[in-house]
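Work through the exercises below with the model open beside you. Try each task before you read its solution.

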Amino acid sequence: MTVPKKIIFLLILATLLFNILIFSKILFGAKVFTSLINIFTGNIFSLICHQDKAKLIILNNNSTLVCARCSGIYFGSLLGSISLLFIKYRTRRMKIFLFASLPMLLDVVFYTSGLYSYSKTIAFCTGLLFGVFMLSLLWKAIVNLFSEIK
Amino acid sequence: MKKYLSALVCGFGAGVLQVVPIAKSFSCCLIIPAAVIIALLLDRKSTNQPKSVKIPYRKALIIGILTGLYAALFGSFFDVMITFITKNNDLLAALPEIQRMIGDLPFNEALRKEISDLFSLIADEIKTSGFSIIYTASILFNNFIVNTIFGIIGGLIGAQIINSKTTGLE
């Protein structure tokens, strides 16, 4: 069963829009329409992320709307959706997903237990890895859903 | 109704966790997908389906949406109730920053003042009576959108994870 390419582009568009919102302050600066976005979406993003100021990615005094780990996950989802155009994930998707989740889980366990202090870079990278393979798993589920509906 | 009782139970649990500060900051975006996965497992148990039978993706999608909707409903209700009792919430804490952001908006002075007054009105209503209809509507709207999206994602991924156990790790 092949899913129309339109769906891949829709997925890319959705993840791209989400990433634009998350990185809006960094991408466009703080004083243009980003303030408006922040007021209206800040509350929405508070539902999906703790938005702890110490854990936000900050570039040129402008921060992301979600923490480094969440930014990694959503940016990874964007990369994952783009990769669907070029890569055919065929086998062992579940195993790869479990292995990709492991670094993120270990990072959470290690820094929570005080083994090392919180690192935005590690959080972003492990989130990114998780996001890419989470999207491939979601894609497999969408393909299965389509074949069920047809 | 009984068919989707698992969605109601897990949606209620997720709604409660959404307003518990520590749980909220630890699990953030994972609350709803985790609730949907538990709902799928509960549904399988309640219908006495053997583990070898795959969960239909359409059903997983419906349970995901319903769990998200119930979580939004209960989460909003608890949020409004806590605001009503304590006469305080996150919006009041963030108000000075919001007012500063409004000052940065590329609009004319009159419009900026109107937006600022609206936020002040909401803050005053919460401080005096503990209830604001605008705040309640915005919470409901946000929760319904976000929780439904994450419910759908959780339903599809959850079905994929659970079904992979019936066919081995594919």
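**Exercise 1.** Is A:Lys120 buried, partly exposed or exposed?

*Solution.* The model is predicted, so local features need pLDDT of at least 70, side-chain atom pairs count only at pLDDT 80 or more, and totals for chains, interfaces and linings use all residues. Residues are numbered from 1 along each chain as its sequence is written, chains are lettered from A and ligands numbered from 1 in the order in which they are written, and side-chain values use heavy atoms, with hydrogens and water left out.

Step 1. Fix the scale. Buried means under 20% relative accessible area, exposed means over 50%, and partly exposed lies in between (1.4 Å probe, protein chains only).

Step 2. Apply it. A:Lys120 has a relative accessible area of 31%, so it is partly exposed.

Step 3. Place it. A:Lys120 lies in helix H6 of chain A. Helices (H or I, at least four residues) and strands (E, at least two) are DSSP runs, numbered from the N terminus.

Step 4. List its partners. Contact means heavy atoms within 4.5 Å. Leaving aside neighbours within four places in sequence, A:Lys120 is in contact with A:Ala54, A:Lys55, A:Leu56, A:Ile58 and A:Ala68.

Step 5. Check the C-alpha atoms. Those of A:Lys120 and A:Arg69 are separated by 7.4 Å, although the two residues are 51 apart along the chain.

**Exercise 2.** Describe the fold of chain A, then test its helix H4.

*Solution.* Step 1. Count the elements. Chain A has six helices and two strands.

Step 2. Read along the sequence. The pattern is α-α-α-β-β-α-α-α.

Step 3. Look at burial and contacts. Of the 150 residues in chain A, 48% are buried. Among its contacts with a separation of 6 or more, 73% join residues 24 or more positions apart.

Step 4. Test the helix length. The expected span is 1.5 Å times one less than the number of residues. H4(A), residues 68-83, has 16 residues and should span 22 Å; its end C-alpha atoms are 22 Å apart, which agrees.

Step 5. Check its surroundings. In H4(A), 13 of the 16 residues are buried, so the helix is largely enclosed by the rest of the structure.

**Exercise 3.** Which two residues other than glycine have a positive phi near 50° or near 55°, and where do they sit?

*Solution.* Step 1. Take A:Asn60, whose phi is near 50°. A:Asn60 is in the loop between strand E1 (56-59) and strand E2 (62-67) of chain A. Its relative accessibility is 73%, so A:Asn60 counts as exposed.

Step 2. Take B:Lys87, whose phi is near 55°. B:Lys87 lies in the loop between H4 and H5 of chain B. At 34% relative accessibility, B:Lys87 counts as partly exposed.

Step 3. Look at the helix before B:Lys87. H4(B), residues 57-86, has 30 residues and should span 44 Å; its end C-alpha atoms are 42 Å apart, which agrees.

**Exercise 4.** How do H6(A) and H4(B) cross, and which residues make the contact?

*Solution.* Step 1. Get the geometry. Axes are lines fitted to C-alpha atoms, for helices over the stretch in contact, and angles run from 0 to 180 degrees between N-to-C directions. The two axes come within 8 Å and cross at roughly 115°.

Step 2. Name the residues. H6(A) supplies A:Ala141, A:Asn144, A:Leu145, A:Glu148 and A:Ile149, while H4(B) supplies B:Tyr57, B:Arg58 and B:Leu61.

Step 3. Zoom in on A:Leu145. At 8% relative accessibility, A:Leu145 counts as buried. Not counting residues up to four places away in sequence, A:Leu145 touches B:Tyr57, B:Arg58, B:Leu61 and B:Leu156.

**Exercise 5.** How many residues does the largest nonpolar core have, and which have the most contacts inside it?

*Solution.* Step 1. Define it. A nonpolar core is a set of buried Ala, Val, Leu, Ile, Met, Phe, Trp, Tyr and Cys residues joined through side-chain atoms within 4.5 Å.

Step 2. Read the result. The largest core has 52 residues, and those with the most contacts inside it are A:Ile48, A:Val66, A:Tyr74, A:Trp139, B:Phe150 and B:Leu156. Helix H6 (residues 120-149) of chain A gives the most to this core, with 10 residues.

Step 3. Find the second core. This separate core has 13 residues, including B:Ile98, B:Ile115, B:Ile126 and B:Tyr135.
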